[in-house]
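Hi everyone, thanks for coming along. I'd like to walk you through one model today, going from annotated domains to strands and then to the places where chains meet. Have a look at it while I talk.

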Amino acid sequence: MSDLLYDEVENDLRASVRDLLTDRAPWTSVLARVETDKPYDLELWRTLATEMGLAGLLVPESLGGAEASAREVAVVLEELGRAVTPTPFLGSAVLATSALLAAGDTETVSELAAGQRIGTLAVPLTTAPNAAFPGLVRVEDGKLTGRVGSVVDLEVADVVVVPAIGPDGPELHVVQTASAGVTVTPITPLDLTRRIATLELSGVESRKLSGDAEAALRKALATGAGLLAAEQLGVAQWCLDTTAEYVSTRHQFGRPIGSFQAIRHRLADLWASVSSAVAVSRAAADALATGSDVDIAVAVAASFCSELAVHAAEEALQLHGGIGMTWEHPVHLYLGRAKSSELALGTPEKHRDALAVFADLPA
Amino acid sequence: MSDLLYDEVENDLRASVRDLLTDRAPWTSVLARVETDKPYDLELWRTLATEMGLAGLLVPESLGGAEASAREVAVVLEELGRAVTPTPFLGSAVLATSALLAAGDTETVSELAAGQRIGTLAVPLTTAPNAAFPGLVRVEDGKLTGRVGSVVDLEVADVVVVPAIGPDGPELHVVQTASAGVTVTPITPLDLTRRIATLELSGVESRKLSGDAEAALRKALATGAGLLAAEQLGVAQWCLDTTAEYVSTRHQFGRPIGSFQAIRHRLADLWASVSSAVAVSRAAADALATGSDVDIAVAVAASFCSELAVHAAEEALQLHGGIGMTWEHPVHLYLGRAKSSELALGTPEKHRDALAVFADLPA
Amino acid sequence: MTDLAAKVEEFLAAHPTEGADPVQWLGARFDAGLAFVHFPVGLGGLGASRSAQQAVDEAFLAANAPQPNPAAPVIGYGMAAPTILKFGTDEQKQRFLRPLYTGEEVWCQLFSEPGAGSDLATLATRAVRDGDEWVVDGQKVWTTMGHVARWGILVARTDPSLPKHQGLTYFLCDMTDPGVDVRPLRQITGEAEFNEVFLSGVRVPDANRLGAVGEGWKVATTTLMNERVTIGAHAAEREDGLIGAATKTWREHPELRTPGLHDRLLRLWVDAEALRLTAERLRQGLAAGQPGPEGSAAKLTFATLNQAITGLDVELHGEQGLTYTDWTMRRPKDADWANRDAGFRYLRMKGNSIEGGTSEILRNIIADRILQLPKEPRGDVDIPWKDLPR
Amino acid sequence: MTDLAAKVEEFLAAHPTEGADPVQWLGARFDAGLAFVHFPVGLGGLGASRSAQQAVDEAFLAANAPQPNPAAPVIGYGMAAPTILKFGTDEQKQRFLRPLYTGEEVWCQLFSEPGAGSDLATLATRAVRDGDEWVVDGQKVWTTMGHVARWGILVARTDPSLPKHQGLTYFLCDMTDPGVDVRPLRQITGEAEFNEVFLSGVRVPDANRLGAVGEGWKVATTTLMNERVTIGAHAAEREDGLIGAATKTWREHPELRTPGLHDRLLRLWVDAEALRLTAERLRQGLAAGQPGPEGSAAKLTFATLNQAITGLDVELHGEQGLTYTDWTMRRPKDADWANRDAGFRYLRMKGNSIEGGTSEILRNIIADRILQLPKEPRGDVDIPWKDLPR
């Protein structure tokens with residue numbers, strides 16, 4: 001049975017990430033940043049990635065990483081979700097890194113691990129682990145041509161891992177975004193704190209990776225989906241905590257609204273769901289760390305935590321009343337993150353479709 | 001737009017049925033009866049059918065009926081549902097009568113309208129209006145052979161309308177249950193107040209009806225499903241009313257439990273749903289009465305009221321606490337009725353499947 | 001043909017609609033008693049029944065008659081007008097109703113405050129008497145049309161030493177007073193549909209007090225009851241509203257369909273149809289002189305349904321569901337939400353269960369007034385407002 | 001090998017399991033301190049940690065050791081034993097724990113009453129002192145094993161003039177007293193799993209009082225805390241429990257499958273797996289000395305989930321879902337619900353959100369103790385019990 005607790009190292013890691021984010025990325029500054037032309041806090045990213053070494057948690061020491069595991073990455077993502085921090089962690093430290101490692105790269109992955117460069121994976125953010133290998137980019141005369149929409153963290157990426165269809169089928173390529181023929185067009189996102197962009201490639205030079213492209217892509221997407229669940233848990237936890245605090249202080253009818261039973265019961269139900277989300281998210285992270293029971297653990301966590309985060313954000317908004325509907329209150333940042341994340345790396349339904357196979361419950 | 005109100009005649013009809021049921025079939029006597037060998041109250045049935053003329057509401061005056069419409073039948077069913085009265089009204093006055101009328105019968109339908117005899121329709125109670133014509137009974141050498149499970153009200157039926165496959169396809173036949181070769185085997189039902197039985201036919205004599213068998217069967221089932229929604233509304237209304245009353249008197253923690261906000265809110269939500277159920281049920285009854293917009297109105301009412309009745313009964317049970325879990329309290333009769341009815345004449349999902357076609361929302 | 005229908009025809013014959021100046025034309029309609037037909041003669045009405053209004057409005061609409069400034073009806077018709085009619089002096093009725101109707105004077109509502117939302121009666125805006133005037137200080141919020149309004153209906157506290165429902169007084173506030181500062185209130189959609197209104201030393205003549213001093217709660221209750229009647233009383237076609245946006249996408253984009261979304265869409269379609277029929281039944285009941293209590297249910301169900309539909313709609317859009325058209329702060333020109341993107345609708349509809357009475361308050365109202373359940377014990381009604389915990 | 005494991009091996013070597021008389025053999029196990037290993041030496045234990053018990057039980061199970069009468073653990077092990085250990089006199093501990101463990105004496109719980117369910121502290125059963133005895137009159141309900149129990153843990157009111165929590169005293173009640181009348185309580189399934197217990201002039205020696213007079217609530221709270229720990233603390237395999245019954249039907253009957261049921265089944269499968277992992281995380285936390293508050297969540301979620309699964313299961317059975325095996329009034333022999341028909345499971349699981357603390361009470365507990373939300377105002381804790389509205 002997998003280890004579902006947080007160990008001491010993980011708790012310390014959480015504390016240091018939380019301290020940093022509390023200090024450097026309170027919601028007021030996140031909200032202020034989203035309407036500027038620098039929606040990502042790249043200084044903060046450098047601290048996280050380089051000083052704290054978090055960009056290389058999944059990377060072996062031999063390649064310059066911290067040689068930790070998905071368990072520690074999950075803890076970091078819980079905190080990034082809790083603070084809706086705009087960083088390219090998901091694109092660079094999770095998706096691109098996992099794909100590069102799985103495809104046997106040793107070059108770019110070291111640069112990403114060191115935080116010198118930022119990477120991402122050129123798939124629409126909605127792509128599920130069990131989706132067919134995308135045919136959006138073709139290899140023609142050794143160069144890449146195609147168009148990929150809603151690529152996460154692309155606008156700050158230096159390097160992109162691109163799934164492409166070559167003469168013999170699926171391939172993975174590494175593309176520098178500074179190369180000739182690369183166009184990056186930002187898309188206005190529903191989630192103000194995580195950016196997406198369209199990647200256009202017109203005869204672009206690239207480096208082909210040697211590993212099994214389909215398996216590597218699937219691995220990267222499953223890792224992404226399983227760890228996104230941890231981020232969604234963080235979002236839900238913030239919503240629960242903040243709402244519990246708000247209803248304890250907001251008075252109407254001469255008493256704190258948190259003393260009204262209907263509100264108490266809704267938050268109790270939400271707490272029960274969040275408790276379960278901790279367990280399923282830990283199970284997925286542990287499965288990714290050990291390589292055992294990955295398929296089911298990821299599908300369960302992804303479907304459960306996706307829906308929970310949306311529910312938690314919706315409850316938070318409602319229980320904050322009018323103040324929650326204002327731009328100047330942070331709850332909408334969490335709602336946007338939760339709702340967008342529900343579509344990311346496979347909807348809950350897609351993950352349940354996958355479970356139908358893994359758990360032998362055919363339609 | 002259909003008439004969604006109750007008119008004066010309908011209100012008077014409701015009052016007289018309710019008075020009768022309050023007097024003759026209080027829940028205590030319903031509960032006492034269900035474990036006897038006479039689960040149906042046939043004396044009450046005779047009063048309803050013959051004295052009050054309710055068995056012939058759908059039947060033209062020329063055939064001895066009251067020449068009312070589905071609107072009045074719906075009112076009667078609301079009251080029968082509200083009292084979970086064990087009568088063969090659904091089988092005889094709705095299903096068999098509708099099928100006979102649609103198939104052009106003038107003989108048996110008059111007997112049923114007069115309340116002299118009890119009829120039913122030989123299909124499994126789970127059959128949906130849009131189901132394929134059943135192939136359970138075959139016509140061989142002019143005689144019927146086959147087996148039909150869970151036929152509603154069969155154990156008190158004198159006459160059965162039997163869909164059968166003849167040499168040229170679907171046919172409807174009238175069979176006397178007293179005929180040679182007919183075997184009726186009661187089934188222990190989840191719904192203690194509505195009985196089902198298996199019909200076995202071995203070379204049974206019958207009278208073939210002349211009308212379009214498929215159309216007549218579909219009409220009878222759609223009428224049944226649309227009017228069952230009214231019965232389900234009655235079940236839900238009883239659950240709401242009784243629970244609201246109970247929580248107003250039951251004290252815990254020094255106050256009536258109905259003063260606790262969580263309970264107040266749940267009942268408010270339930271009331272809102274019941275209000276909608278009145279509207280959709282009226283719309284279905286009116287559509288059946290006028291023949292306009294029947295398909296959509298029936299599918300909406302059947303799916304909405306089925307799920308509502310189950311939800312109402314489940315809420316009633318929970319909010320009654322321990323007392324609701326005891327045999328000596330009537331709420332379980334409503335739970336059994338609601339849950340069984342959810343399966344009857346098409347599950348909510350089957351009705352939504354039908355809507356996908358009628359409302360042009362293909363899968 | 002009814003008398004009223006005849007009057008409408010007669011009026012239309014005498015007042016050509018083509019090229020007419022809307023204000024002048026509507027003024028004439030008011031003077032003919034065809035504005036609010038259930039109002040008294042001389043005040044825009046003919047003393048007809050309330051239910052007669054719809055047919056009159058429809059007849060004018062069919063004749064392409066001039067329609068009021070779209071901002072006018074929002075608060076003016078539904079809330080200010082009936083309150084002024086019920087509690088106003090003769091002078092107030094003569095002064096305010098006609099320009100309210102023609103749209104010359106747009107009205108806004110100055111009720112909610114940052115600390116008084118669901119519990120409106122706890123509001124803190126003060127009005128202190130100074131000779132023939134009242135001096136008003138405080139902050140109001142969620143003020144629709146505040147930036148274009150000429151007048152505001154205002155509730156302020158005139159005696160903090162009384163229990164909260166008793167120390168309130170109702171005023172008609174001149175929005176051009178220099179002490180009135182209207183600022184856009186930006187919402188989670190990025191837009192500013194509403195305003196905050198800061199009142200600093202605003203001087204309201206006692207002649208613009210509506211109802212007696214200390215009776216503000218009673219007057220405000222009339223206003224709010226009319227708000228609830230306004231919502232949900234109109235007839236609708238099948239697939240009107242947000243479900244129509246979702247079904248359109250569904251029909252036009254087979255590539256977006258999945259079995260799970262299909263199941264949810266059909267459930268919501270049923271719920272939307274049920275709500276439509278519920279509202280229609282309410283309307284039929286009103287027309288038949290049998291007003292039902294379903295109005296409270298309709299608003300509650302409306303919010304839940306709209307939120308479920310728009311949530312589904314974002315998911316249905318797949319990759320496009322990740323996008324948003326425009327976050328720029330701006331003033332919306334209309335409330336045509338069906339043509340906005342799915343993300344906008346998703347965010348905006350979150351307000352449906354908060355604005356105009358939260359779903360929680362509606363459930364309390366249903367529990368109290370309709371189900372008549374035992375009330376929750378309350379500790380806030382008998383003590384002076386100034387001593388309430390907040 | 002741990003000391004404890006060694007002790008188990010040693011005991012097994014000295015006490016052959018085959019053909020052993022269970023009571024005698026279990027008595028020896030008790031005397032060896034291997035019954036409740038965290039109990040003190042001499043009282044069935046070795047003063048070990050609570051978390052050590054599971055390994056010991058598993059070792060004996062693996063060795064095919066005699067197991068207690070199935071009726072014994074229900075109330076005895078989980079509720080009576082720890083309460084007697086904590087509050088009992090030396091005589092009481094010596095007298096009661098050993099036969100409780102061996103199953104010679106089955107225990108039942110006499111707490112709930114028709115008028116005191118969620119609000120247990122409002123109970124009305126009276127105990128009046130008469131010399132060295134107490135005379136008990138009242139009615140208890142939902143008494144599991146009442147018909148086979150030798151002893152009952154009983155809470156009764158000894159001073160009605162005190163507020164409700166203060167006037168209670170805890171007793172050990174001899175179920176063979178002629179004043180004890182145990183009657184089957186039939187449930188909605190048709191069966192009588194529980195009993196009503198009528199107490200008329202039952203004489204309880206003061207020596208069988210547990211804890212001080214007036215301290216009954218404190219003692220009862222210990223009992224109830226142990227009840228909550230018992231539920232949900234065991235490890236489970238994937239698809240254990242009711243979800244397994246549904247998936248079995250699903251896999252064996254392709255003809256019953258529909259897209260809507262598939263979607264619901266998969267959702268419930270996820271929820272069941274989530275609950276299993278939640279319980280497992282709780283278990284791991286306990287074993288690591290980090291008891292988490294997830295126990296309350298587990299019971300709440302368990303009830304919701306079981307009810308949703310069994311509701312689906314009835315629908316999944318189609319025509320067979322309309323049927324029921326047997327309504328005859330009978331005493332169930334076991335609690336093997338997975339092998340009963342879908343209708344039975346549907347009805348029985350309705351009790352999951354009521355028995356052992358309703359879901360509403362659990363939500364209150366979570367709101368109070370875990371979320372530490374502001375409490376609801378209460379009016380029932382400071383006034384004499386006899387003056388409470390009921």
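The domain "Acyl-CoA dehydrogenase/oxidase C-terminal" is placed by UniProt, in an unreviewed entry, at residues 218-356 of chain A. Keep in mind that what you see is a predicted model. How much of residues 218-356 of chain A is helix, and how much is strand? The chain there is 80% helix and 3% strand, and the C-alpha atoms at the two ends lie 18 Å apart.

Staying with chain A, UniProt also lists "Acyl-CoA dehydrogenase/oxidase N-terminal" as a domain at residues 9-107, again from an unreviewed entry. Over that stretch of chain A we have 61% helix and 0% strand, with 29 Å between the end C-alpha atoms.

Now over to chain C. Its own annotation of "Acyl-CoA dehydrogenase/oxidase N-terminal", from an unreviewed UniProt entry, covers residues 8-104. Residues 8-104 of chain C are 58% helix and 0% strand, and the end C-alpha atoms are 23 Å apart. Then UniProt gives "Acyl-CoA oxidase/dehydrogenase middle", also unreviewed, at residues 108-192 of chain C. In residues 108-192 of chain C the helix figure is 0% and the strand figure is 42%, and the ends are 15 Å apart by C-alpha.

Let's look at some of those strands. In chain C, strand β2 (residues 126-130) and strand β3 (residues 133-140) run antiparallel, joined by five bridges. One facing pair to find on your screens is C:Arg126, which sits opposite C:Asp137 in β3(C). What links β2(C) and β3(C)? They form a hairpin with two residues between them, and C:Gly131 in that turn has a positive phi of about 65°. β3(C) has another partner too: it pairs with strand β7 (residues 194-205) of chain C, antiparallel, over seven bridges. Here C:Glu133 faces C:Pro205 in β7(C).

On to the interfaces, beginning with chains A and C. Contact involves 40 residues of chain A and 49 residues of chain C. Together the two chains bury about 3600 Å², and 61% of that is on carbon and sulfur atoms. Which three residues supply more of the area that chain A buries against chain C than any other three? They are A:Leu190, A:Phe253 and A:Met325, which supply 21% of it.

There is plenty of polar chemistry to discuss here as well. Between chain A and chain C, 22 residue pairs are in polar contact. The interface also has five salt bridges. If you'd like one to zoom in on, try A:Glu35 and C:Arg186, whose side chains meet in a salt bridge at 2.7 Å, N to O.

Where on chain A does this surface come from? At least two residues each are supplied by β3 (143-152), β9 (251-252), α9 (294-320), α10 (331-343) and α11 (348-358) of chain A. Of the side of chain A that touches chain C, the largest share comes from α10(A), with six residues. Sorted by class, that side of chain A has 16 nonpolar, 14 polar and 10 charged residues.

Next, chain D against chain C. How many residues does each chain bring to this contact? Four come from chain D and four from chain C. The area buried between chain D and chain C is about 270 Å², with 48% of it from carbon and sulfur atoms. Between chain D and chain C there are zero salt bridges, and the count of residue pairs in polar contact is zero too. The side of chain D that touches chain C has no nonpolar residues, one polar and three charged.

Let me finish with salt bridges across the whole structure. Over all chains, the search finds 119 of them. One is in chain B, where the side chains of B:Glu315 and B:Arg266 meet at 2.8 Å, N to O. That pair links distant parts of the chain, 49 residues apart: B:Glu315 is in helix α9 (residues 294-320) of chain B, and B:Arg266 is in helix α8 (residues 261-290) of chain B.

That's my tour, so over to you for questions!

Methods: Residues are numbered from 1 along each chain as its sequence is written. Chains are lettered from A and ligands numbered from 1 in the order in which they are written. This is a predicted model: local features need pLDDT of at least 70, side-chain atom pairs count only at pLDDT 80 or more; totals for chains, interfaces and linings use all residues. Side-chain values use heavy atoms; hydrogens and water are left out. UniProt positions are given in the numbering used here, feature names are shortened, and annotations may be inferred rather than shown by experiment. Helices (H or I, at least four residues) and strands (E, at least two) are DSSP runs, numbered from the N terminus. Two strands pair if DSSP finds at least two bridges between them. Contact means heavy atoms within 4.5 Å. Buried area is the accessible area (1.4 Å probe) that two parts lose on being put together, summed over both. A salt bridge is a side-chain nitrogen of Lys or Arg within 4 Å of a carboxyl oxygen of Asp or Glu. A polar contact is a pair of N or O atoms within 3.5 Å; within protein, one must be able to donate a hydrogen and the other to accept it, and residues adjacent in sequence count only if both atoms are side-chain atoms. Ala, Val, Leu, Ile, Met, Phe, Trp, Tyr, Cys and Pro count as nonpolar, Asp, Glu, Lys and Arg as charged, and the others, Gly among them, as polar.
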